[in-house]
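Visitor: I am new to this structure and would like to learn how its descriptions are reached.
Guide: Then let us look at it together and set each term against its rule.

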Amino acid sequence: MSLLRRIPNLELLAFFVVLSVFFCFYAPHFNTASNVENLLSGYAFIAILAIGQSYPIMVRGIDLSIGSIVALGAMIIFDLVMIWEVPGYLAMPLALCVALAAGAVNGALIVYCRLQPFVATLASMAAYRGLVYAISGRQLFPELATKPIRDPWITGIEEYYDIGGATGLDQVVNLPWIPLSFLILIAVMVTSQVMLSHTNFGKNFKITGGNPEAARLAGINTKRTIISAYAISGFCAGLAAIILVARLTTATEALGNGMELTAIAAAVIGGISLQGGLGNSIGPVVGAFLLGIILIGLTLMGVSQFVQQILSGAILVGAVTYDLYMSKTRARRARALQSGV
Amino acid sequence: MSDKKEVLGDSQRRSFLKGVALGSAALGAGLVSPSMPVAGLGQQGVARAADGRYKMAFIQWQPHTVPAAWSNGIKEVLDTQNNIDYQLLDGQNKVEVQVSLMDTLINEGANVIFLQPIDSVALGPSIKKARRRGISVITLNIDAAEEHAAHVEMNHYFGAMDIAKEMGNRMGGKGKVAILNAPPGIIIRDQRTNGFIDGMKEHHPNIEIAADQVADWSRKKAQDVLFNILTAQPDITGVYGINDSMALGAVDVAKQKGILDKMVIFGNDGERAALESIENGELTGTQYTDVYQQGRFAGSVASVLASGGVSAKSFEQQGKLLMPYTIATAENVSSIQPAQRW
């Protein structure tokens, strides 16, 4: 039992499993390999965005601009590949650098201009979206707008691997093919989790979010930590942009519109505390896929899309309420410890 | 103590701001809904489900009068077949949502997918995947860059040429025109724009196209865009909105500026609001297409393909059907019957 308690996001994982089992019984075609394949490819980029979003929330902020950064990264790739015929292996890293820089600018606005994270990223959300329209190769060269990206380095991201065939398990059970985007997500999640729990750089995010003043007094460069949090968020948005461009073989100006809200929801459901200082990189991934199975399961059961949105909202409210309850409980315990009770 | 209160206050303010963002996330969570009910389908694209019924779905761009009317037309035909389950799905104006919906329908083995693609290229990989599974995709109005079973569209290019001709006649063959356009990336945009430009060149070479700006298909955006255009170029006397919503936005601006009687404004589509505006002497004209009929044609094609067991793999090239149209103006708008208005 004590071993179970050490598993992070245990309640969330249990909820995930119970819901999956429920839908396996009651949602037609939910337990098919093709459905799992859809879930993995359809939500991998959302989960990456949620991991990225968890960093600003961890330092008591929020990043509303990631949807626009997704569009910016995607349009950079489109322009480089379609207009300047830059090969994909150069275009993708360049787009990642731009996305990372866009995130860092958010952090700099918050740290140096002392803007509220909500206001700073709301402003940059509009500014980056405007920039996307300004640099859009589809607007500058409309004839390119109806041509797909064929660069093999980029289209290769939308690859699927037959794990069942390779391991011989497909003789026993029909396994889904694993999309490369999901493997990228696993790599991001593992790297991020190792960084958060085993490096000083990673631990600084939680310490800064938990108590910024104490972190500063402890010698942590909180300004650099906050900027890094937003830069990581931007970087993850860049990764999501690459996955989306590979999936769609193009970039659109409206790409990523509203995606920030889904990523925030996934992060919060995944246990990233809105009070800052708490969370890990596994929770947001589970949160993203939880949203996925709820929406898929309900739709397969024939529940209207509007009802689904209401239910998703209710689950989010539940997660936020739970977070508030837990933070009050933690504060009570801390006070009890301080008073020696 | 006061410091503590301030810190608490800051924290509460932050929480409030986050709460505002998160409140919207309730809707955002639903923005990536990747699937729709297609229960009871077999795994093969052209095969009927075990209960002998066919499954078809229409993935619209977003709720709007045009796809709603198409859907009514499609449903009218499919309902009479008695063995087809049909559903209208919402793409929520997001390519990634449309792609996810396509993926789900493909994997669940729908027989025919009607599609109004948000982007002609972005849906290409999904259409290709459907074809590999033998599922027929029928696009409505907006063609896709990837070949598919069939495309049923309004006559965008030649209709726009006729609009240019009629508009030029009403402008006396001279003057300046602004185009309120759609964002690039959709073939319909090119067809409706190029048809208009070519029509002007052919019939009214003295009319100058002085502005061509994106107004995102939106009445509100069109108001803002045209307001700016007219501020910079007040001598513009003609406006062509490549859909009716944008043209009606132009009417709003002209009324506001008190120059409606000097303006010649044409739209495209022929929706009910546009026809009423023409009857009220506001909008000059529009290209009217019977969209119910367009839906019926698409539904008929789908019914034939599914009941005939025709696999999308067997098509050598994409079929195309252009809809008949009328350039509706004050002189002939009354001939469009109430049942034909959408």
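Visitor: How many residue pairs are in polar contact across the interface of domain 1 of chain B and domain 2 of chain B?
Guide: In this predicted model, where local features need pLDDT of at least 70, side-chain atom pairs count only at pLDDT 80 or more, and totals for chains, interfaces and linings use all residues, the rule finds two such pairs, both at pLDDT 80 or more. A polar contact is a pair of N or O atoms within 3.5 Å, where within protein one must be able to donate a hydrogen and the other to accept it, and residues adjacent in sequence count only if both atoms are side-chain atoms. Residues are numbered from 1 along each chain as its sequence is written, chains are lettered from A in the order in which they are written, and side-chain values use heavy atoms, leaving out hydrogens and water.

Visitor: What is the count of salt bridges between domain 1 of chain B and domain 2 of chain B?
Guide: The count is zero, so no side-chain nitrogen of Lys or Arg on one side is counted within 4 Å of a carboxyl oxygen of Asp or Glu on the other.

Visitor: What makes Y55(A) and F205(A) an edge-to-face aromatic pair?
Guide: Rings of Phe, Tyr and Trp (its six-membered ring) pair if their centres lie within 6.5 Å, with planes under 30 degrees apart counted as stacked, over 60 as edge-to-face and the rest as tilted. The rings of Y55(A) and F205(A) lie 5.0 Å centre to centre with 85° between the planes, and therefore they meet the rule for edge-to-face.
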